[in-house]
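Grab a pencil and get ready to explore a protein model. Have a look at the sequence and the structure, then try the exercises.

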Amino acid sequence: MVQGKVVRVEQLWHKFFSDPSQWLDNRSIKKNPRYPDFKHKSRHEGLWIEGWLNPPWVKAKVDTMALGKIEPGAGLRSRVPDSLVNGENVCKFCQEGRLKEAVHMVELMVEQNIQASIHTYACLLKGCIRRKALAEGKQVHALLVQTGLHSNILLGSTLVNMYAKCGSVLDARQVFDSMPERNVFSWTTIISAYANQGQGEEALNLFQQMQKTGIPPNNVAFVVVLKACARIPALEQGKQLHSDIIKSGFESDVIVGSTLVDMYAKCGCIEDARLVFNNIRQRDVVSWNAMIAGYAQHGLGKEALDLYEQMKQEGVQPTYVTYVVLLKACASITALKQGMQLHLDIIKSGFQFDLTVGNTLVDMYAKCGRIKDAHQVLNNMHERDVVSWNAIIAGYAQQGLGKEVVTLLEQMQREDIKPNEVTYVSVLSACSHSGLVDKGRHFFNSMCKDHGLIPTMDHYACMVDLLCRAGCLVDAEDFIHKMPIQPNAVVWMTLLSAARNHGHVEIGRHAFDCVVKLEPENAAAYVLLSNIYAAAGRRNEVTIIRKEMHDAGVKKKHLGAAASQLATRCMSLS
């Protein structure tokens with residue numbers, strides 16, 4: 001070993017690395033795994049205390065300092081001043097959002113045999129959760145394993161929570177399964193992870209396992225698993241949970257009660273939801289919102305509005321959620337008068353500038369046929385997003401105002417709001433009902449090439465409808481055959497209906513064959529083909545198709561209803 005020079009640690013530290021943001025532990029190129037590397041403010045090269053390992057630019061710096069001598073064969077470990085290395089600074093860095101620096105400081109502490117507390121590691125993991133920092137979370141996990149603290153029940157549970165909140169449920173499960181001891185927080189965290197990922201069945205399975213271990217669920221655990229039942233939906237399991245809640249004494253808990261209301265409503269048991277609601281002793285706004293939403297979701301809208309009036313009489317202040325739910329209820333039953341009254345209440349309560357409330361107001365007025373009022377609400381909004389524009393574009397599309405829809409789309413793009421798949425369903429539908437064939441073709445191509453959107457079946461159905469309404473049946477048939485996804489019965493029924501309107505026998509027969517392959521008992525298809533043959537004077541074929549219909553056991557349905565449903569198909573998609 002070549003004799004080198006040594007710098008006093010504090011002197012070197014304050015000279016080059018007093019700013020922790022300059023730290024870098026570049027393990028892939030470390031010359032010695034025992035030593036930490038640092039990043040200089042202008043260079044990425046590793047700095048080492050031994051002069052013989054230093055690059056030339058560091059040697060030049062070191063030579064300018066008052067140095068001591070080092071004995072041949074000896075080494076000196078680089079270290080951070082003790083005054084800077086402590087759990088308090090780690091937590092401070094986490095609170096300031098300097099997560100990488102906080103993790104690096106703990107790595108240095110471990111290398112210098114400075115014991116970091118459980119609280120320090122908890123701060124690090126919570127910082128990873130706040131910033132959804134999975135990479136740094138894995139670094140902390142490695143440190144916990146290295147120090148043996150991974151078996152601590154608090155840190156193990158927080159690790160599970162970190163992985164879950166960062167979207168890595170598999171890692172969360174691995175940590176959970178390796179824990180030597182678990183508490184209700186550990187179980188609730190992993191159950192919540194699966195529930196939030198849409199894996200409700202596994203969440204319920206884990207809840208049952210927790211009960212078998214003898215750990216009693218708390219109110220948070222019940223809320224999490226009730227939400228899982230609501231999403232599936234799983235009514236029988238929800239009823240069993242209700243029984244467990246009563247036995248555990250959590251029935252009077254307002255959060256548990258509100259979640260029970262929501263579970264029953266989403267499982268289609270609106271009367272059971274109301275019974276639970278009535279039994280909640282101290283109902284808060286969340287309870288009222290859950291019950292109002294339950295009525296609104298089931299079309300029962302009048303009851304939702306009645307409950308809102310009762311809510312106000314009892315002195316409960318509505319939230320923006322209350323108004324959003326009620327406005328959707330008004331839109332579903334075209335209750336314009338009640339919607340306008342809600343608009344006044346929204347202004348009085350100061351929620352008129354809330355983005356979600358504004359979007360729902362636009363949607364309510366549009367669906368109630370008051371497109372000018374909808375547009376006025378849009379113009380008065382302080383902030384607008386793609387949902388705002390989709391609502392007003394859909395409103396104009398529903399009234400068949402294709403040119404206005406095109407103008408709105410162009411205005412939307414001028415405001416740097418990118419249209420999405422929902423936008424283009426409305427735009428294509430409007431073009432279809434306004435006969436704007438060239439515009440429709442242009443927008444369909446634009447959504448793919450200019451915006452990178454992948455057309456869904458709804459977009460293809462609208463394009464087929466656009467071509468069929470314009471009498472371009474050959475183009476429509478060719479378009480269908482070139483679709484990258486298999487056309488559904490609606491697409492072929494659109495072509496079949498157009499073939500009847502335009503008297504095209506060959507295309508009609510082909511469309512009919514494709515429909516009955518997908519839906520053998522589609523009565524409307526037999527009736528439409530029969531009408532095509534009758535209009536063409538081909539009575540023999542009429543007799544044959546009616547016999548086929550009879551032999552297939554297909555019951556004839558009212559053609560007017562089928563045709564009406566078909567005609568409104570693309571409009572309903574928007």
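Below are some exercises, each with a worked solution.

Before you start: this is a predicted model, where local features need pLDDT of at least 70, side-chain atom pairs count only at pLDDT 80 or more, and totals for chains, interfaces and linings use all residues. Residues are numbered from 1 along each chain as its sequence is written, and side-chain values use heavy atoms, with hydrogens and water left out.

**Exercise 1. Get an overview of the chain.**

Start with the secondary structure: the chain has 32 helices and 2 strands. Helices (H or I, at least four residues) and strands (E, at least two) are DSSP runs, numbered from the N terminus.

Next, burial. Of the 574 residues, 49% count as buried. Buried means under 20% relative accessible area, exposed means over 50%, and partly exposed is in between (1.4 Å probe, protein chains only).

Then look at contacts, meaning heavy atoms within 4.5 Å. Take the contacts with a separation of 6 or more: residues 24 or more positions apart account for 61% of them.

**Exercise 2. Check the length of helix H11 and find what surrounds it.**

First, the length. H11 covers residues 219–231, which is 13 residues. The expected span is 1.5 Å times one less than the number of residues. That gives 18 Å, and the end C-alpha atoms are 19 Å apart, which agrees.

Second, the N-terminal end. Asn218 caps H11 there, with a side-chain oxygen 3.2 Å from the backbone nitrogen of Val220.

Third, the surroundings. Among the buried residues of H11 are Phe222, Val225, Leu226 and Cys229. The buried residues of this helix pack against H9 (184–196), H10 (200–212), H12 (235–248) and H13 (254–266).

Finally, step just past H11. Pro233 sits in the loop between H11 and H12, and a cis peptide bond with omega of about -10° joins Ile232 to Pro233. For background, most peptide bonds are trans.

**Exercise 3. Is Ser186 buried or exposed, and which side chains does Ser186 make polar contacts with?**

Begin by placing Ser186: you'll find this residue in helix H9. Its relative accessibility is 0%, so Ser186 counts as buried.

Now for the polar contacts (pairs of N or O atoms within 3.5 Å; within protein, one must be able to donate a hydrogen and the other to accept it, and residues adjacent in sequence count only if both atoms are side-chain atoms). The side chain of Ser186 reaches that of Ser157 at 2.6 Å, and that of Asn183 at 2.7 Å.

To finish, leave aside neighbours within four places in sequence: Ser186 is in contact with Ile153, Ser157, Phe176 and Met179.

**Exercise 4. Explore the surroundings of Val106 and Thr120.**

Start from the largest nonpolar core, which has 173 residues. Such a core is a set of buried Ala, Val, Leu, Ile, Met, Phe, Trp, Tyr and Cys residues joined through side-chain atoms within 4.5 Å. Val106, Tyr121, Leu124, Ile190, Ile392 and Leu495 touch the most other members.

Pick Val106 and skip neighbours within four places in sequence. Its contacts are Val90, Ala116, Thr120, Tyr121, Leu124 and Leu143.

Now follow Thr120, which lies in helix H5 (residues 118–131). Thr120 is buried, at a relative accessible area of 2%. Using that four-place cut-off again, Thr120 is in contact with Gly87, Val90, Cys91 and Val106.

**Exercise 5. How many disulfides does the structure hold?**

Set the test: a disulfide is a pair of cysteine sulfur atoms within 2.5 Å. A search of the whole structure turns up 0.

Try two cysteines yourself. Cys166 is buried at 16% relative accessibility, and its sulfur is 6.7 Å from the closest cysteine sulfur, in Cys128, so that is too far for a bond. Cys468 is buried at 5%, and the closest cysteine sulfur, in Cys472, is 8.8 Å from its own, again too far for a bond.

**Exercise 6. Inspect phi at Thr334 and Asp416.**

Keep this in mind: most residues other than glycine have a negative phi.

Check Thr334, in the loop between H17 (320–332) and H18 (336–349). Its phi is near 45°, a positive value.

Then check Asp416, in the loop between H22 (402–414) and H23 (421–434). Here phi is near 60°, also positive. Asp416 is exposed, with a relative accessible area of 67%.
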